[in-house]
Amino acid sequence: MDSALSLKDINVNEISLLVKILKGETNLTLMAKDLGITLQGVRYYIATMKERGFLEEFKITPKGYEYLSSVMKLLKGFVIEGTDIIFKSTDWECISDDDFKTGATVYLYMNGGFLHGGKENRNNEAIAIAVENARAGNKLRIRDIKGIIKISFGTVWIETIEDLNDSNSEIIRNKIIKSIKTDKSNARIFIMGEGAYSILSSEVNTNVFAPLAGAFDCANRGLDSKIYTTAESLNLNFEEFSALKEKFPNVKTNLTTFKI
């Protein structure tokens, strides 16, 4: 195959037809529909490829395989190069621990659920390059990240309040507030559903919107979280909970029943 093959020589419709034929497709009408071209156009491309020795009896010839292989190799290199350019030029942001100048090396680590960058390599952290000047404590734009940003995933605890009613709501409220105030884990507190909201919204610093998504986001950032909910609300939202568990397998979960 000609080593001088370049992107300008590639016809997307022609290559798409070769791939379809390679997969065993033979219906020209369906091919035309899939590619958004006319049936006459499909027949033209096939006739042309037969003349060039790429097809024979609607089968790809060795010469056709060689051509398709060369084209795919060229396209693969083009896609990889383009992907590298896009992702390497994508800016991230972190919280600057030190004063930085553009072009300086930044050592990255997670702290309190947020990405920080400093001048000191504490424990073989991931590194990046600063793309702007920044003072300590401010946002710093970075790119060209190398290495893995270390995260110790947190746990999502779900405390289910069973049989919450008018006669026991005060007792449950006081017991939960006492539990939160004496808890040493510093877990972020969420409440899910109207039942838990009715007894806790005005008493403690809680997060009330998108509690499951928020709790899993905390855990992905290395923070523990605790969700207070009723059995009724948990049942209504259990499908979302199961989907999040499947999506984030590194996050630990723990379901318990709140005892009066």
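Select Asn 133 to begin, which in this predicted model lies in the loop that links β6 (126-130) to β7 (139-146). If its neighbours within four places in sequence are set aside, the residues in contact with Asn 133 are Phe 100, Lys 101 and Thr 102. Display the side chain of Asn 133 as well, and follow it to the backbone nitrogen of Thr 102, which it reaches at 2.9 Å. A distance drawn between the C-alpha atoms of Asn 133 and Ala 104 gives 9.2 Å, although the two residues are 29 residues apart along the chain. While Phe 100 is on display, add Lys 119, whose charged end sits over the ring of Phe 100 at 5.8 Å from the ring centre.

**The strands around the loop**

From Asn 133, move to the two strands that flank the loop, β6 and β7, which run antiparallel and are joined by 3 bridges. Ile 129 is a useful residue to select here, since two pairings can be followed from it. In β7 the bridge partner of Ile 129 is Arg 143, while Thr 105 stands opposite Ile 129 in β6. That second pairing leads to strand β4 (residues 105-111), which is joined to β6 by 4 bridges in an antiparallel arrangement.

Next, colour β4 together with β5, with which β4 pairs in the antiparallel sense over 5 bridges. Tyr 109 can be selected as a marker of this pairing, as it stands opposite His 116 in β5. The two strands form a hairpin with 2 residues between them, and in the turn Gly 112 has a positive phi of about 65 degrees.

Is strand β5 (residues 114-118) largely enclosed or left open by the rest of the structure? Of its 5 residues, 4 are buried, so β5 is largely enclosed by the rest of the structure. A further partner comes into view when strand β3 (residues 92-96) is selected, for β3 runs parallel to β5 and is joined to it by 2 bridges; Ser 96 stands opposite Gly 117 in β5. Before leaving this region, select Phe 114 and Arg 221, where Arg 221 lies over the face of Phe 114 at 5.1 Å from the ring centre.

**The parallel sheet**

Now select β8, β9, β10 and β11, which make up an open sheet of 4 strands in the order β9-β10-β8-β11, with parallel pairing. Which strands stand at the edges? They are β9 (188-192) and β11 (252-258), each with a single partner strand, so one side of each is left without a neighbour in the sheet. Looking across the strands, the reader will find a twist that averages 20 degrees from one strand to the next.

Within this sheet, strand β8 (residues 155-161) and β11 run parallel and are joined by 7 bridges. Thr 155, which is found in strand β8, is the residue to select next, and its bridge partner in β11 is Lys 252. Thr 155 counts as buried because its relative accessibility is 12%, which falls under the 20% cut-off. Beyond its neighbours within four places in sequence, Thr 155 is in contact with Ala 219, Leu 223, Asp 224, Ser 225, Lys 252 and Thr 253.

**The helices on the sheet**

Add helix α7 (residues 211-220), which lies across β8, β9, β10 (225-230) and β11 and runs at about 160 degrees to β9. Helix α8 (residues 231-247) also packs on the sheet, touching β8, β9, β10 and β11, and its direction makes about 140 degrees with that of β10.

Why is α7 described as largely enclosed by the rest of the structure? The reason is that 8 of its 10 residues are buried. The buried residues of α7 are Pro 211, Leu 212, Gly 214, Ala 215, Phe 216, Cys 218, Ala 219 and Asn 220, and what covers them includes β8, β9, β10, α8 and β11. Just after α7, select Gly 222, which takes a positive phi of about 95 degrees.

**Last stop: the aromatic rings**

For the final view, keep Phe 216 selected and add Phe 238, Phe 241 and Phe 248, since these four residues form one aromatic cluster. A search of the whole structure finds 6 aromatic pairs.

How values were computed
Residues are numbered from 1 along each chain as its sequence is written. This is a predicted model: local features need pLDDT of at least 70, side-chain atom pairs count only at pLDDT 80 or more; totals for chains, interfaces and linings use all residues. Side-chain values use heavy atoms; hydrogens and water are left out. Rings of Phe, Tyr and Trp (its six-membered ring) pair if their centres lie within 6.5 Å; planes under 30 degrees apart count as stacked, over 60 as edge-to-face and the rest as tilted. A charge sits over a ring if NZ of Lys or CZ of Arg is within 6 Å of the ring centre and within 35 degrees of the ring normal. Two strands pair if DSSP finds at least two bridges between them. Axes are lines fitted to C-alpha atoms, for helices over the stretch in contact, and angles run from 0 to 180 degrees between N-to-C directions. Contact means heavy atoms within 4.5 Å. A polar contact is a pair of N or O atoms within 3.5 Å; within protein, one must be able to donate a hydrogen and the other to accept it, and residues adjacent in sequence count only if both atoms are side-chain atoms. Buried means under 20% relative accessible area, exposed over 50%, partly exposed in between (1.4 Å probe, protein chains only).
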